[in-house]
Amino acid sequence: MTRFRTALARLRIALPPLACGAFLGAPLVRWGATGDPVDGIAIAATFVLVSIGCRMSIQAPSKAGDPTTWTLMSAMQFASLMVFGPWVVIPASVAAVLLHCRLAGRPVVACFGNAAIAGTAQVVAAAAFSGLGGSFGHIQLPGDYAPFALGAMAFAVAAELLVAADSCAEQVSEGASVGLVLRNEADGLREYLPASLLETLVGMSLGMVYLLGAWATLVLLAPIASLYLAMRRGVRVAHVTEAALETFANIVDERDRYTFEHSSRVTEYAVMIGRELDFTETQMKSLYWTARLHDLGKIAVENAILNKPGPLDDAEFAVMRTHPVVSARILESFAFDERAADAVRCHHERFDGRGYLRRAAETVPLDAFVIAVADSYDAMTSDRPYRQGMPRERALDEIRANIGTQFHPECARAFLRVMDRRDDLAPGDEQVELDELRDVA
Ligand SMILES: [Fe+2]
């Protein structure tokens, strides 16, 4: 396996520069052989268009993996490809992607990787377009709808598959498990492919309208600018919503003086369990928010109950028991993350079905059971005015003793394994991971 990982790492470094060399060199060889005049204006126009596409970028928050940078690069590449043809567009856009990646400060390996993906996706799109009877630089409707649309789809699918394959190779060569990497990339494809298809279809419209009449392209500038501004606004709203929810979680943590920073600690334990259970990045983001916001409904519980310096009576306990449902309702009103909202609703459910809502285990999301273990451990080990927190070993014994009754066996065993290993971790390791996850979430 180690040799396979090393070979994969070497391939990732060697293959893209070779591909870029071929994309830049092949047109030169062809021009040399045929002696056709070089269309310098078309090359410059492609270079400028792809550069504009690279500069129009929006950093979107992402539920899967690293934050995505959305650009109009693919749209411009596909539009140019339809108008000027592959021999002009592939070298010009490979050069533009290489230059802009470097200007953005990305590592050389990543720049070659991106440029090679752009060039290969264009080869695939050009083959699909010509294979379906399309002719570069010409359009005849309605017959050309099919080659234009299918060429655009081939471009988007090829680009996304190549990005996923490159990301798989990178993670596997760095030691990640193949199964987890494949599940992560499948999540990524589901999330990004629709947006990528739409972007390439914008490029298709641009190319088609230009071929129908160059000046008509100006008509498309306003809708494209509106789309770009609407996306920027949408991304800003998503950032603000997440910041507001983090603030709510902090308010709940600070309001309950006996469980100060409770949700931060529960999140830390939940993240450890999620990693142990091989959760994908998408599942990890959802688990992060479930843990951080699980007690949000305590906002609606009055201070006298929340901060009572003694055990609660029946009436007070009845009020306290409403908080998971209130938490879920608040999250739903944000139209935030359905998975997280349902898991929050169920975080006091038990594996034997005798929890707050008495829901059967099969109907409870796994994330809720992860939170239940993390939440109980933190509650047991925290001091209360009427009792001292339990020592760590006793709390872990308590969890062990309640596997299969109160706790989901898989989640509880994962937590016990992680806590067993935890002494070996360098201090602050989990905090670093938590900070990284918070940045991405
Ligand atoms: Fe709770």
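Select helix H3 (residues 73-84) together with helix H7 (residues 178-212) in this predicted model, and look at where their axes come within 7 Å and cross at roughly 35 degrees. The crossing of H3 and H7 is right-handed. To see the contact itself, show the side chains of Ser74, Ala75, Met76, Gln77, Phe78, Ala79, Met82 and Val83 on H3, and, on H7, those of Ser196, Glu199, Thr200, Val202, Gly203, Met204, Leu206, Gly207, Tyr210 and Leu211. Coloured by class, this contact of H3 with H7 shows eleven nonpolar residues, six polar ones and one charged one.

Next, return to the whole protein chain and colour it by its domain assignment, which gives domain 1 as 2-212 and domain 2 as 239-440. Taken over C-alpha atoms, the centres of domain 1 and domain 2 are separated by 43 Å.

Then select helix H15 (residues 366-381) and place a distance label between its end C-alpha atoms, which are 23 Å apart, in agreement with the 22 Å that its 16 residues should span at 1.5 Å a residue. Because twelve of the 16 residues of H15 are buried, this helix is largely enclosed by the rest of the structure. The buried residues to highlight are Asp367, Ala368, Phe369, Val370, Ile371, Ala372, Val373, Ala374, Asp375, Ser376, Tyr377 and Asp378.

Finally, keep those residues of H15 in view and add the helices that they pack against, namely H9 (262-276), H10 (281-293), H14 (338-345), H16 (392-401) and H17 (409-422).

Notes:
Residues numbered from 1 in each chain as written. Predicted model: local features only at pLDDT ≥ 70, side-chain atom pairs only at ≥ 80, totals over all residues. Axes fitted to C-alpha atoms, helices over the stretch in contact; angles between N-to-C directions. Helix = DSSP H or I, 4+ residues; strand = E, 2+ residues; numbered from the N terminus. Left-handed = near helix turned anticlockwise from the far one by under 90°. Contact = placed C-beta atoms within 7 Å. Nonpolar A, V, L, I, M, F, W, Y, C, P; charged D, E, K, R; others polar. Domains from an automatic or database assignment. Expected span 1.5 Å × (residues − 1). Buried ≥ 20, exposed ≤ 12 C-beta atoms within 10 Å, placed from the backbone.
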